[in-house]
Amino acid sequence: MRYTFFKFNTLIMLILFSAVVLAQKSVYYNEPGQTYRQAMELFNQKAYGPAGKLFEEFIQQQKGNDNIYIENADYYKLVCAVEMKDSDALPLAIQFGKKYPESAHMESVFFEMGKLYFSKKKYRPALKAFKQVTASKLSTNDQAEYYYKRGFCLLKTNKPEQAKTDFTKVMDTKSSYSAPATYYYAHIEYLQHQYEEALQAFKKIENNRRFRKYIPNYLIHIYYEKEEYQKVIEQGEKFYRKAPSKQKGEIARLLANSYYELKNYNKAHDYFAIYERSTRSIGPEENYKIGVVKYKAGEYNAAIGNFQKATKVRTEIAQSAWYYLGFCYLNTSQDKFARDAFLKASQMSGNAEIKTDALFNYVKATIQTGGDPYNDEIKILENFIAGNTNSPRINEAYDLLVQLFLTSKNYQAALESIDKSGKPNKRLQGVYQNLAYSKGIELYRRSDFNGAIRFFEKAVKYPADKNIYAQTLFWQGDAYYQLHRFTSAAKYYNLFLKQKSAVKSTLYPTALYNLGYCAFNQKDYTLSTKYFKRFIRYGNASDRLVTDAYLRLADSYYIQKDFQQALKLYSKVADASTQDADYALYQEASCYGSQGNFNKKIETLNRFVRKYRQSPLYTDVLYEIASTYLVLHDQRHAIAGFDKIVKERPKSAYAIKALTKMGLLYYNNNQYNEAINTFKKVIDKYPASSEATEALNSLKNIYTETGHINEYFTYAKGLDFVQVSTSEEDSLTFTMGENYYMEGNCNKAIDALSKYVSQFPKGGFVLKSYYYIADCYEKQKEPDKALAYYEKILEYPDNEYTVKALLISARMEFDNKNFNKSFTYYSELLQRAETKSISLEATDGVMRSAFYTGNYKDAANAARKLLKTDKVSKDQIVFAHYVLAKTAYSSGNMAEANREFSITDKLTSGEWGAESKYYQALIAFNNNNDKKSEELIYQLSDQYSDFEYWIAKGFILLADIYVKRDNSFQAEQTLKSIIDNYSGNDLKEIARKKLKKIEETKGANNERKEAGNE
């Protein structure tokens, strides 16, 4: 320590207080003064420890006295404590200030206090103490210390400009504080981005032993900020090898960035690798650069993570990051991610060239992947063309547009775009034809036949491809055929047959077959015969169609009364025991009957009974057998035949007819008792039916002929459905209403028949009245009123109207979504069905009604039965498999569910197919087959672009897959696409919740990582 300051103060005190000193001379030279003198001698010899003790001893000796030496001793004791770095130094200084506030030593004390606070890093109180010191009164060396330490305190209390002023007063001195003052001055200039000034200051002390290990780090940063990258590399390469391990990551960062700017990507790659290992917190810009060097090194997978982080800012860096991400995804066979990345880059403001190239790459990726579910790529490209007519890449844009048209699922937009072009060139005409045809086929498969026809009409507008033109004609005809517009269907089938390519087409035989049906359904049997013959001769068709053609050809001959030709064909089918062999055998018997060969007819029908007991025609056959015996006047066998129907098929419509016929046979054979019993069975089982009325009349005749008319009246009066005394009025009132019905005057018929059933609620014609009224309401498009009367019919036992009432009621209740009721009606109808068509509709109705009420067991049973039935429509087959799939899924049988969903998906391009594809993906996901699930989701997006709900559901599942793979970036992007583009709120809300959960999880993970780093 320098003592000039203290000696100077001592001299002043001696001058100022000389009188006092002289007065107190005795104190100085007497015994206590001896202690004071020894302390001063030790103090001057810098023996601060012993000196401090003697000053304390002197002070203790002078207790109770008051003289200048005591104040001096207190002061010098403080100085000794400071020099010895005694912990009591600061309390002593504070105590001195309180004890001698007016002391001439106070500035010296404040200086010492400042240094003491400084040593304890208490910069604010140190600064406060230094402000009490007059610097000019200090010695040169003390001034250097004063300005340095005050400057440091100013720096630490965030007053850099004042600190710089103090440091500049020390920098050029020869004191020991010159170097540190220069260092901190340079440090402040560096922080204030005054890099040239900082550089010059650091250069002055770069060889200083104390600071030379720190200077290179500053120099490297300054050169980097000044963009003098070569100097960064020169300094950095040297410094990196000896830098502390904590600084190596930062030096590597600067070296990597410098090499990057100098386009030395290999060296940049090496140092970025070191930097990445040293930190978890890297900004978007540097993540972008790291991504670039990895990309150039062919490390595409590794680069993806860096580019993803670089997209977090809205700058040109983000645009370029998305652009590079697209190529990284392409190079790692993640084409759909590439498509989305290029689209992002093309939508961002920034580099125009990147924007254009990204757009073109987006389109190329879309062509490759098969469409973007949430963006209209055609419209995007058209907008580019419209706004960039002078672009050097405009021809490339048009070429891409053509390719898009060829692969796009957005047929409508594509066709409209070509239409707008006015006169498309040949290539676009071919594209137009292809797209319109494809859309027509898609709509046809969904059973939207009117929609399909509209697109087929567009497809023939430009017949660029002759094969497609021919096929379009066929499918246009087939769409009309499905709508039962047979004249239009025949027109297009014939146009198809005239095309050169038609004869080699697999559609050729189907056209002939359907032309046969068009004529058949229009009752032009001569023409139908012609086409069915051509179809059979052509061959190359399924056995089922050939068999059916033989039958329709036979039917045509039969209707034209060419029974011999019909018989040959029916026999051919019946003998082959193929599909519809039961019908063929039945018609074979009819041919024999039409030829008058009744014995052969009966023989054939009996063969049918033995062979086809489960056939819907079985009851018809039994009735024909009995009726044929009647023709042969074999009453015994006729009665036995009718009796067989009553016993075996009591609920069939033929049962009531059979009983009535038996009664008449007994009556005509004068077997009155048997006749009476039989007629009473008809009346008891089928009251209010026309047969019951007929039976009652026959009973009246029998009782009259046998002289027992009173028994008749007694019996008749006990019946609910007849009032004997008013029977004539009953009959006349009903007849009036019936006449109106037969004339087609439904309003008057309803009025008259309603009055009848009101006047004669138990009349003999009530059941028939109900039917006429119901039929009229149905014709007048008042289904609810019709249903009420059909249900009244069903309150009666089986009758001639039961089957139709059940059928109509079932249909109406199904349309009204009263599926429990429709299930009941369809189930009852199925028990009574006597034709294949009604049996098929009833089975289908049971399946659908049961399914919609959640009765999966009955629905599945009906579905399995339906799939084994002949002539099931495609729609019925699809729904049956869909029902089986949903039933299996609900019961936890995932293997069967997956199999049935797969079948449904393959059979239809409609919504059941979309749902089935989704469930296949869900099952795969639940089975931990994420790759398969992802493939199925993208197939769902490509194949079912019109079904937004299921696509969105699929993408939510896709986000779950990405979360499972720890790919939160793609999970977030996927959920955001749903939130931004899906039209409904239901799935949007699910997507928002999942996105929030991902963000919360990421936040928690980041907090854990940061805590780990600390």
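Guide: Let's start with Thr547, which is buried, with a relative accessible area of 11%. The cut-off for that word is under 20%, so Thr547 qualifies. One thing to keep in mind as we go: this is a predicted model.

Visitor: Where is Thr547 found, and which residues does it touch?

Guide: Thr547 sits in helix H32. Setting aside residues up to four places away in sequence, Thr547 touches Val573, Thr578 and Gln579.

Visitor: And Arg552, in helix H32: is it buried or exposed?

Guide: We read it in the way we read Thr547. Arg552 has a relative accessibility of 8%, so it counts as buried. Helix H32 covers residues 543–559. Beyond its neighbours within four places in sequence, Arg552 is in contact with Tyr517, Phe520, Phe532, Tyr583 and Lys871. You can also follow the backbone here: the C-alpha atoms of Arg552 and Thr529 are 8.1 Å apart, while the two residues are 23 residues apart along the chain.

Visitor: What about Lys267, at 32% relative accessibility?

Guide: Lys267 counts as partly exposed at that value, because this class runs between the buried limit of 20% and the exposed limit of 50%. Lys267 belongs to helix H17 (residues 265–278). Apart from neighbours within four places in sequence, its contacts are Glu237 and Tyr259. Its C-alpha atom is 10 Å from that of Ala252, with their positions 15 residues apart along the chain.

Visitor: How do I know which parts of the model to trust?

Guide: Look at pLDDT, the predictor's confidence in each residue, from 0 to 100. The chain averages 88, and 94% of the residues score at least 70. Residues 1–29 stay under 50, and the model has 47 contacts for them beyond four places in sequence.

Visitor: How can I check a helix, say H11 (residues 160–171)?

Guide: Compare its length with what you would expect. Helix H11 has twelve residues, so at 1.5 Å a residue it should span 16 Å; its end C-alpha atoms are 16 Å apart, which agrees.

Visitor: Which residues of H11 are buried, and how are they arranged around the axis?

Guide: The buried ones are Ala163, Lys164, Asp166, Phe167, Val170 and Met171. Looking down the axis of H11, you find them within an arc of 170°, so they line one face of the helix. What they pack against is helix H10 (140–156), helix H12 (178–191) and helix H13 (195–204).

Visitor: Could you show me a residue in helix H10?

Guide: Try Glu145, which lies in H10. Glu145 is buried, at a relative accessible area of 10%. Leaving out neighbours within four places in sequence, Glu145 contacts Phe111, Lys115 and Tyr177.

Visitor: Which residues of helix H25 are buried, and what covers them?

Guide: Helix H25 runs over residues 411–420, and Tyr411, Ala413, Ala414, Leu415, Ser417 and Ile418 are its buried residues. Their cover includes helix H23 (377–387), helix H24 (394–407), helix H26 (426–445) and helix H27 (449–459). Look just after H25 as well, where Gly422 has a positive phi of about 85°.

Visitor: How many residues does the largest nonpolar core have?

Guide: To read a core, find its members, then the ones with the most contacts inside it. Here the largest nonpolar core has 290 residues, and those with the most contacts inside it are Phe55, Phe202, Phe307, Leu381 and Phe496. Helix H6 (residues 68–83) gives the most to this core, with eleven residues. As a close-up, Phe202 touches Tyr183, Ala186, His187, Tyr190, Ile215, Tyr218, Leu219 and Ile222, not counting residues up to four places away in sequence.

Visitor: Which residues does the disulfide join?

Guide: For a disulfide, look for a pair of cysteine sulfur atoms within 2.5 Å. By this rule there is one disulfide. It joins Cys746 to Cys776, with 2.5 Å from S to S. Cys746 lies in helix H43 (residues 746–759) and Cys776 in helix H44 (residues 766–779), so the pair ties together parts that are 30 residues apart in sequence. The link of Cys746 and Cys776 is left-handed, with -80° about the S-S bond.

Visitor: Are these two cysteines buried or exposed?

Guide: Cys746 counts as buried at 10% relative accessibility, and Cys776 is buried with a relative accessible area of 0%. You can practise on two further cysteines: Cys80 counts as buried at 2%, and Cys591 is buried at 0%.

Conventions
Residues numbered from 1 in each chain as written. Predicted model: local features only at pLDDT ≥ 70, side-chain atom pairs only at ≥ 80, totals over all residues. Heavy atoms only, no water. Helix = DSSP H or I, 4+ residues; strand = E, 2+ residues; numbered from the N terminus. Buried < 20%, exposed > 50% of the residue type's maximum accessible area, 1.4 Å probe, protein only. Contact = heavy atoms within 4.5 Å. Expected span 1.5 Å × (residues − 1). Arc of directions from axis to C-beta. Core = buried A, V, L, I, M, F, W, Y, C linked by side-chain atoms within 4.5 Å.
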